[in-house]
Number of protein chains: 2
Amino acid sequence: MDQTGEMVNKKRISESTIHRLSLYFRALSQLERENNETVSSKELAKREKLTPAQVRKDLSFFGSFGTRGLGYPVVELKNKIAAILGIDRSWKVALVGVGNIGSALVGYKEFTKQGFQIVKLFDNDQRKIGSNHKGIEVSDIDNIKEELTESDIELVILAVPAAVAQFVIDDVVRAGVKAILNFAPINLKVPDDIYLRNENMSMELEYLSFAMVNNHTPRKVR
Amino acid sequence: MDQTGEMVNKKRISESTIHRLSLYFRALSQLERENNETVSSKELAKREKLTPAQVRKDLSFFGSFGTRGLGYPVVELKNKIAAILGIDRSWKVALVGVGNIGSALVGYKEFTKQGFQIVKLFDNDQRKIGSNHKGIEVSDIDNIKEELTESDIELVILAVPAAVAQFVIDDVVRAGVKAILNFAPINLKVPDDIYLRNENMSMELEYLSFAMVNNHTPRKVR
DNA sequence: ATAATTTTGTGAAGCATTTCACATATTTGG
DNA sequence: CCAAATATGTGAAATGCTTCACAAAATTAT
Ligand SMILES: NC(=O)c1ccc[n+]([C@@H]2O[C@H](COP(=O)([O-])OP(=O)(O)OC[C@H]3O[C@@H](n4cnc5c(N)ncnc54)[C@H](O)[C@@H]3O)[C@@H](O)[C@H]2O)c1
Ligand SMILES: NC(=O)c1ccc[n+]([C@@H]2O[C@H](COP(=O)([O-])OP(=O)(O)OC[C@H]3O[C@@H](n4cnc5c(N)ncnc54)[C@H](O)[C@@H]3O)[C@@H](O)[C@H]2O)c1
């Protein structure tokens, strides 16, 4: 370890590589359903609109999983990637803000399949507190600190209005949660040791708008 | 123009720059609400966790909007960025798939504020066709070609199950739409002249999972 | 009016990511 | 069993993106 507490010699993996691992995982799941034993970097690349070299380079950061002349074993590689991404286990998730978007996310099967289980809901609306969504009772946001602290929830999805998002995330952080996915269109301040990702749909619409107005030729889609 | 029909000498603007323009727009909207006349690249950067140099470089691709020693005029810059992004106008949008996520998106105020107006809904579920969501009647997907062709809709949000997404997008493309925002977790095939963006929430959760498991220190949040 | 301060705009340098290209390993076909 | 074909893994080159650093311009202070 060095002074910052970081592993020395541990290669930096880029955000793009991690995102592509998700794509590989998705393609491999499909290949498995189609009963393919092996897959080449060429085929894997084609399925996610990438290049074969990119696929091989990405995988090479984590080991060598293929056989020359043959390709990669589908199921084995899928499991390896799941382990790398940390989705070879289940994560308990709490969702804060059971409104339009929050309700849509509760019970989204794809999350559960990937190991993300929403097991707790919070809101501050008296009409919602105590009500039941997909078998989960909505808790009072005022109890979030106690309820999260004594739970094994490590991840929170934040789906509250932007105006209150900073206050709510402060509570979430105080409750000891280290990873947060935020849907509010605002730059939230959190301590350095918290992993925070933002989902910003307007951004993608604006990208499309820009592309149309400017006849933009993107290097690639995302 | 060169052989490909592209403007020659038109600088390639990176995807990252375009996404940051959205962030600048958002920060400038807030600065306007706070009655700030001007803002420096330093302050703008701070508000979106970027660097001042990045802000200035991004803006410099499109012109020189600031005053040395003073900064950028808030309202003027906001309008300039809106024009660059193409959101200084209104875009008519159709949404296909009025399910969990689709319903959440209909009537999401933030979209309307940025000029994206959802004016048409499509579904294939007989129970939903004819019903009313936020004042919009749900149309039958079977009529999409005619209804879109004779409309001024230029953008489609696709919120149907992954299993049918390719068929539905084929219909959307045939109807002449050139820009699509897709929520289904699948790589859709479209002709080269179609702008397609994918919104993939699992990817962000998986990124968080990877970060936690690997003690990942990201270069920056997104 | 002048000096000190602030802040932009931008080439150039530095850094990160992607693509190339090929040695190497393995399979496939005869 | 050998030759041809296939496909990985990876340094090196190419490309792309971010940060640096500073001249130039404007403001602010005296
Ligand atoms: N609706 C969409 O399609 C959409 C899309 C993208 C992003 N978003 C963002 O997601 C967030 C939620 O949007 P929405 O449309 O679901 O809004 P919503 O008003 O339907 O839901 C917000 C929920 O948060 C709850 N809430 C409010 N204050 C709270 C607090 N202090 N503690 C706990 N809960 C609280 C409300 O009671 C409500 O249930 C917003 O930030 C919005 O900008 C929404
Ligand atoms: N629910 C979520 O939170 C969530 C999050 C991220 C992504 N997604 C993705 O968004 C898509 C929709 O998810 P959902 O949860 O809203 O599902 P859903 O089943 O609630 O909604 C899908 C809607 O599409 C309609 N539909 C089905 N086939 C159709 C067709 N051929 N033409 C037109 N409409 C058709 C259905 O009738 C339904 O109303 C899926 O691809 C899903 O993976 C959902």
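**Exercise 1.** Which residue has a side-chain N or O atom 2.5 Å from an oxygen atom of ligand 2? Use the answer to describe the site in this predicted model.

*Solution.*

Conventions come before the steps. The model is predicted, so local features need pLDDT of at least 70 and side-chain atom pairs count only at pLDDT 80 or more, while totals for chains, interfaces and linings use all residues. Residues are numbered from 1 along each chain as its sequence is written, chains are lettered from A and ligands numbered from 1 in the order in which they are written, and side-chain values use heavy atoms, with hydrogens and water left out.

Step 1. The residue is B:Asp123. The pair is a polar contact, that is, two N or O atoms within 3.5 Å.

Step 2. Look for further contacts to oxygen atoms of ligand 2. A:Tyr108 places a polar side-chain atom at 2.6 Å. B:Val160 uses a backbone N or O atom, at 2.7 Å.

Step 3. Determine how much of the ligand is covered. On its own, ligand 2 has 820 Å² of accessible area, and the protein covers 85% of that (Shrake-Rupley method, 1.4 Å probe).

Step 4. Place the site. Ligand 2 sits between chains A and B, and 23 residues surround it (a heavy atom within 4 Å). Helix 8 of chain B gives the most to this shell, three residues; helices are DSSP runs of H or I with at least four residues, numbered from the N terminus.

Step 5. Sort the shell by class: 16 residues are nonpolar, four polar and three charged. Here Ala, Val, Leu, Ile, Met, Phe, Trp, Tyr, Cys and Pro count as nonpolar, Asp, Glu, Lys and Arg as charged, and the others as polar.

**Exercise 2.** Describe how the protein meets DNA strand C, from the neighbouring residues to the base contacts.

*Solution.*

Step 1. List the neighbours. There are 26 residues around DNA strand C, and among those that come nearest are A:Arg20 and B:Tyr72. Of the strand's atoms within 4 Å of the protein, 63% belong to sugar and phosphate.

Step 2. Find the base contacts. The side chain of A:Arg68 has an N or O atom 2.6 Å from a base oxygen. For B:Arg56, a side-chain N or O atom is 2.7 Å from a base nitrogen.

Step 3. Turn to the backbone of the strand. A polar side-chain atom of B:Arg68 is 3.0 Å from a sugar or linking oxygen.

Step 4. Assign the surface. Helix 3 of chain A supplies the largest share, four residues. By class, the surface holds 14 polar, eight charged and four nonpolar residues.

Definitions and conventions:
A polar contact is a pair of N or O atoms within 3.5 Å; within protein, one must be able to donate a hydrogen and the other to accept it, and residues adjacent in sequence count only if both atoms are side-chain atoms. Helices (H or I, at least four residues) and strands (E, at least two) are DSSP runs, numbered from the N terminus.
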